[in-house]
Amino acid sequence: MTRRLTEVAKKAGVSEATVSRVLNGRGGVSEATRTAVLTALDVLGYERPSKLRGERARLVGLVLPELQNPIFPAFAEAATGALVQRGFSPVLCARTMGGVAEVDFVEMLLEHQVSGIIFAGGNYAMADAGHDHYRMLASRGLPAVLVNAGVDGLGFPRVSTDDAVAVEQAYAHLVSLGHERIGALLGPADHVPSQRKLAALRAAAAADGVAYEVERSAFSLEGGRAAAAKLVGRGVTGILCASDVLALGAVRAVRRLGRRVPEHVSIIGYDDSALMNCTDPPLTTIRQPIEAMGQSVVDLLVQQIGGGGVAPDELLFEPELVVRGSTGPLRPAPALASASAPASSR
């Protein structure tokens, strides 16, 4: 029993005396603290006292588009920690190619009577995707928060990194290095964050008279490689990418074409996800403040769950340009290698 009290107290962030009061049904404990203790008990696998078994821990759905891109596990970790501290148990729903669709995850979460849902990178970010399940949640009054840019009019608050500021930072960095032909490697045409990035690049380039090229791709390493090869073939010397994964694909493309990063082509990613300082070369990228965003998302969700009014507005966070080794001054480049050149050993 002593060991159980110690473990539960540590997990819930309270004293052993508080855990004892909750387990024995005594007063003098706030509802939030009581819920945190019961959640810790469930997470650690301990059986609840018989008088408390009828009470279920509060659940929150966390719906992600994938787990291969390291930015999504990073966000899940930040949101999960904040949820547990608030006495909620996260239910992770990660979509896979050909697997469960987002709308099916929503139905499953409703069956489990979740208190709310956090969406990161879902259908709301694609203008041409189906959005009826969001409207259904809004009509039911189920609390939800959307992470990063999405279509308007869904009725939920959004927490986003400012895509326009991110592009302005990356563009100014490349121009300062002497690049006069810049490429944008973006997501699909209906991807709202990519639309915002393109609008910002278009405005900045028009003001300076700088030429730019655009290629679109699925958010994958191979998609980034293929799209970046087209950009380099059109004379681009600096590439702004909509994700770190796309940027790593771009690095691979440059090497397959017989050129070097950053000596001949500079590349900037987006996210500053895990290990981007360990790539070859270390990746210059736009950092999203994931920890702060995760806390804000949970704050907005908990406020809704508690009955507080939350306007369906967008909270924008300032990104940060992190300069590493994948960008450098413009230098003359050699002729392009044949498309059949062997892949690098990267």
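This briefing describes the strand and helix arrangement of a single chain. The model is predicted. The chain holds eleven helices and twelve strands, and two open sheets of six strands are described below, one with parallel pairing and one with mixed pairing.

**The chain as a whole**

- Along its principal axes, the C-alpha trace spans about 75 × 45 × 35 Å.
- Of the 346 residues in the chain, 49% are buried.
- The exposed area of the chain is about 15200 Å², and carbon and sulfur atoms supply 52% of that area.
- Among contacts in the chain with a separation of 6 or more, 71% are between residues 24 or more positions apart.

**The sheet with parallel pairing**

- The strand order in this open sheet of six strands is β2-β1-β3-β4-β5-β11, and the pairing is parallel.
- Strands β2 (88–94) and β11 (314–317) stand at the edges; each has a single partner strand, so one side of each is left without a neighbour in the sheet.
- On average, neighbouring strands of this sheet are turned by 20° against each other, direction ignored.
- Four bridges link strand β1 (residues 58–64) to strand β3 (residues 116–120) in the parallel sense.
- Within this pairing, Val63 has Phe119 in β3 as its bridge partner.
- Helix α4 (residues 71–85) lies across β1, β2, β3 and β4 (144–147), and runs at about 170° to β1.

**The sheet with mixed pairing**

- This open sheet of six strands follows the order β7-β6-β8-β9-β10-β12, with mixed pairing.
- Its edges are β7 (211–216) and β12, each with a single partner strand, so one side of each is left without a neighbour in the sheet.
- Here, neighbouring strands are turned by 20° against each other on average, direction ignored.
- Strand β6 (residues 181–186) and β7 run parallel and are joined by six bridges; Arg181 has Ala211 in β7 as its bridge partner.
- Strand β9 (residues 266–271) pairs with strand β10 (residues 284–287) in the parallel sense over four bridges, and Ile268 stands opposite Thr284 in β10.
- Strand β10 is also joined by three bridges to strand β12 (residues 320–322), and these two run antiparallel; Ile286 stands opposite Leu321 in β12.
- Helix α8 (residues 192–208) lies across β6, β7, β8 (238–241) and β9, and runs at about 170° to β7.

**Side chains in the strands**

- In a regular strand, side chains alternate between the two faces of the sheet.

**Packing of α5 and α6**

- Two packed helices are described by the angle between their axes and the distance between the axes.
- Helix α5 (residues 102–111) packs with helix α6 (residues 132–140) at an angle of about 25°, and their axes are 10 Å apart.
- Angles under 35 degrees count as roughly parallel, and α5 and α6 are therefore roughly parallel to each other.
- On the α5 side, the contact involves Glu102, Val103, Val106 and Leu110; these meet His133, Tyr134, Met136, Leu137 and Arg140 in α6.
- The residues of the contact of α5 with α6 divide into six nonpolar, one polar and two charged.

Notes:
Residues numbered from 1 in each chain as written. Predicted model: local features only at pLDDT ≥ 70, side-chain atom pairs only at ≥ 80, totals over all residues. Heavy atoms only, no water. Pairing = 2+ DSSP bridges. Axes fitted to C-alpha atoms, helices over the stretch in contact; angles between N-to-C directions. Contact = heavy atoms within 4.5 Å. Parallel < 35°, antiparallel > 145°, perpendicular 65-115°, else oblique. Nonpolar A, V, L, I, M, F, W, Y, C, P; charged D, E, K, R; others polar. Buried < 20%, exposed > 50% of the residue type's maximum accessible area, 1.4 Å probe, protein only. Areas by Shrake-Rupley, 256 points an atom, 1.4 Å probe, with all protein chains shown as cover.
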